[in-house]
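Visitor: I'm at home with gels and columns, less so with coordinates. Could you walk me through how to read a structure like this, one feature at a time?

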Amino acid sequence: MKLCVIEGDGIGHEVVPAAVRVLRQLMPGLEVVSAEAGWDRFEKTGEALPEDTVALAKEAGAVLFGACSSPSYPVAGYSSPIVSLRKRMETFANLRPTRFLPVPTARAGVDLVVVRENTEDLYIGDEHTEDAGDTGTATKRITRAATERIAHTAFRLARNEKRRRVTIVHKGNVLPQTDGLFRRVAYEVAKDYGDIETDELLVDTAAYWMVKDPARFDVVLTPNLYGDILSDMAAAWGGGLGLAPALNIGAEVAIAEPIHGSAPDIAGQGIANPTAVILSASMLARHHWNKPAIADRIDAAVTAALSRGDYTADVLGVNGMSTDEFADIICGGLG
Ligand code: ATP
């Protein structure tokens with residue numbers, strides 16, 4: 001079994017090695033290769049996602065990605081390497097679970113998965129400005145094929161995990177040609193899964209309920225952009241961004257990556273929480289390598305550590321243990 005590790009930028013350099021330690025301890029035969037991508041790499045070489053990184057990632061079939069720092073202004077020749085890598089590896093689904101973790105900031109009763117379409121919507125990269133930069137336009141694309149694929153992923157996941165309901169989230173009232181298509185196709189696919197309840201929410205209403213009563217959600221099926229935003233909101237109920245994992249999946253490939261970014265405000269201090277990336281590695285073991293026993297051991301070690309009150313500083317907003325101290329505790333608790 002092979003894993004391509006891309007630390008990326010910022011705290012990626014601190015949290016990813018913690019997750020690699022955990023995987024190596026549980027899977028001694030795992031072959032690990034390292035590759036570069038991100039803003040720092042772009043500044044050094046003019047390439048954010050080098051071709052040899054893509055080749056290593058494809059060859060391994062499994063990637064553990066930290067985070068990258070993409071600027072919020074146009075930079076000639078730069079585009080987000082993780083968005084490109086998801087496309088190049090054809091990981092069409094992004095699974096973002098939030099479940100209650102034993103920390104004071106988490107909300108009891110929350111156990112949901114956002115299933116986010118990963119290849120289209122406003123993320124296709126078709127964006128330009130006119131009028132000397134005063135008018136900006138971006139294309140939002142939704143297709144039947146990509147919607148069918150993500151909807152089947154959501155309903156299959158609901159079935160496999162014995163979940164009750166899939167909620168389709170869209171803004172079809174304002175965007176009938178794009179989100180309206182997403183909604184229609186998702187309902188068509190729902191007919192194949194009579195055992196799963198289906199309902200729908202407009203994205204603004206979904207945001208309201210995500211704050212007011214997150215336990216009402218089970219599986220959330222959404223286009224790319226809404227999934228990004230709603231899963232960050234959900235992460236607050238799981239105890240915070242430092243604890244929120246994610247997995248991108250394709251036909252036979254997967255990219256594990258925490259939902260948080262490169263956290264430049266704390267990068268280099270050795271205090272970042274590695275839980276999100278460790279739980280992302282657990283998702284890789286469970287969903288991609290089909291090693292549920294290994295995933296269960298990782299999840300149990302994390303739950304046990306948090307139950308004892310072993311936290312990094314982000315959890316309570318006060319001094320906590322360092323990234324490496326927390327990683328030591330997880331490695332010591334793997335059994
Ligand atoms: P980027 O531009 O890379 O998205 P960002 O700072 O805008 O970076 P995040 O990296 O997601 O976005 O961080 C948002 C906030 O959450 C920051 O205050 C950051 O310090 C905190 N944070 C994110 N991840 C972690 C983590 N693993 N451990 C501790 N704090 C974190």
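Guide: Let's start with the ligand, bearing in mind that this is a predicted model. The idea is to look for N or O atoms of the protein that sit across from polar atoms of the ligand. Here, a side-chain N or O atom of His-260 is 3.4 Å from a nitrogen atom of the ligand.

Visitor: And which backbone atoms lie 2.8 Å from an oxygen atom of the ligand?

Guide: One is a backbone N or O atom of Gly-261, at 2.8 Å from a ligand oxygen. Ala-263 also uses its backbone: a polar atom there is 2.8 Å from an oxygen atom of the ligand. As for cover, the ligand taken alone exposes 610 Å², and the protein buries 67% of that.

Visitor: How many residues are around the ligand, and which come nearest?

Guide: There are 14 around it, and the nearest are Gly-261, Ser-262, Ala-263, Asp-265 and Asn-273. Sorted by character, the shell has 7 nonpolar, 5 polar and 2 charged residues.

Visitor: Next, cores. Where would I begin?

Guide: Look for buried nonpolar side chains that touch one another, then ask which of them have the most contacts. In this model the largest nonpolar core has 71 residues, and Leu-3, Leu-64, Leu-221, Trp-289 and Ile-330 have the most contacts inside it. Helix H1, residues 12-26, supplies the largest share of this core, with 8 residues.

Visitor: What does Trp-289 touch, sequence neighbours aside?

Guide: Beyond four places in sequence, Trp-289 is in contact with Met-1, Lys-2, Leu-3, Leu-23, Met-27, Leu-30, Ala-62 and Leu-284. There is also a second, separate core of 17 residues, with Ile-6, Ala-35, Val-54 and Phe-65 among them.

Visitor: Lys-2 is in that contact list. Is Lys-2 buried or exposed?

Guide: Check the relative accessible area against the cut-off: under 20% is buried. Lys-2 has 19%, so it counts as buried. Lys-2 is in strand S1, residues 2-8, and its side chain makes a polar contact of 2.7 Å with the side chain of Glu-59. Besides Glu-59 and Trp-289, the contacts of Lys-2 include Leu-30, Glu-31, Val-33, Ala-60 and Ala-62.

Visitor: How do I read a residue in a loop?

Guide: Find what flanks the loop, then check cover and partners. Glu-36 sits in the loop between strand S2 (31-35) and helix H2 (39-45). Its relative accessible area is 36%, so Glu-36 is partly exposed. The side chain of Glu-36 makes a polar contact with the side chain of Arg-41, at 3.0 Å. Glu-36 also touches Ile-6, Lys-44, Pro-50 and Thr-53. Thr-53 is 17 residues from Glu-36 along the chain, with 6.3 Å between their C-alpha atoms.

Visitor: What about backbone angles?

Guide: Scan for positive phi values in residues other than glycine. Glu-90 is one such residue, with phi near 50 degrees; Asp-121 has a positive phi of about 70 degrees. Glu-90 lies in the loop between helix H4 (81-88) and strand S4 (93-99), while Asp-121 lies in the loop between strand S5 (111-117) and strand S6 (127-130).

Visitor: And how covered is each one? Is Glu-90 buried or exposed? Is Asp-121 buried or exposed?

Guide: Glu-90 is exposed, because its relative accessible area is 55%. Asp-121 is at 1%, so it counts as buried.

Visitor: Last one: how do I place a residue within a helix?

Guide: Name the helix, check burial, then list the contacts. Val-302 is in helix H10, residues 292-307, and is buried at 0% relative accessibility. Its contacts beyond four places in sequence are Thr-275, Ile-278, Leu-279 and Ile-330.

Visitor: Can we try that on Ala-18 and Thr-147?

Guide: Sure. Ala-18 lies in helix H1, is buried at 4% relative accessibility, and touches Pro-274, Ile-278 and Ala-327. Thr-147 is in helix H5, residues 144-160, and is buried with a relative accessible area of 1%. Leaving out neighbours within four places in sequence, Thr-147 is in contact with Glu-120, Ile-142, Phe-182, Val-185 and Ala-186.

Notes
Residues numbered from 1 in each chain as written. Predicted model: local features only at pLDDT ≥ 70, side-chain atom pairs only at ≥ 80, totals over all residues. Heavy atoms only, no water. Near = heavy atom within 4 Å. Polar contact = N/O pair within 3.5 Å; in protein donor to acceptor, adjacent residues only side chain to side chain. Areas by Shrake-Rupley, 256 points an atom, 1.4 Å probe, with all protein chains shown as cover. Nonpolar A, V, L, I, M, F, W, Y, C, P; charged D, E, K, R; others polar. Helix = DSSP H or I, 4+ residues; strand = E, 2+ residues; numbered from the N terminus. Buried < 20%, exposed > 50% of the residue type's maximum accessible area, 1.4 Å probe, protein only. Contact = heavy atoms within 4.5 Å. Core = buried A, V, L, I, M, F, W, Y, C linked by side-chain atoms within 4.5 Å.
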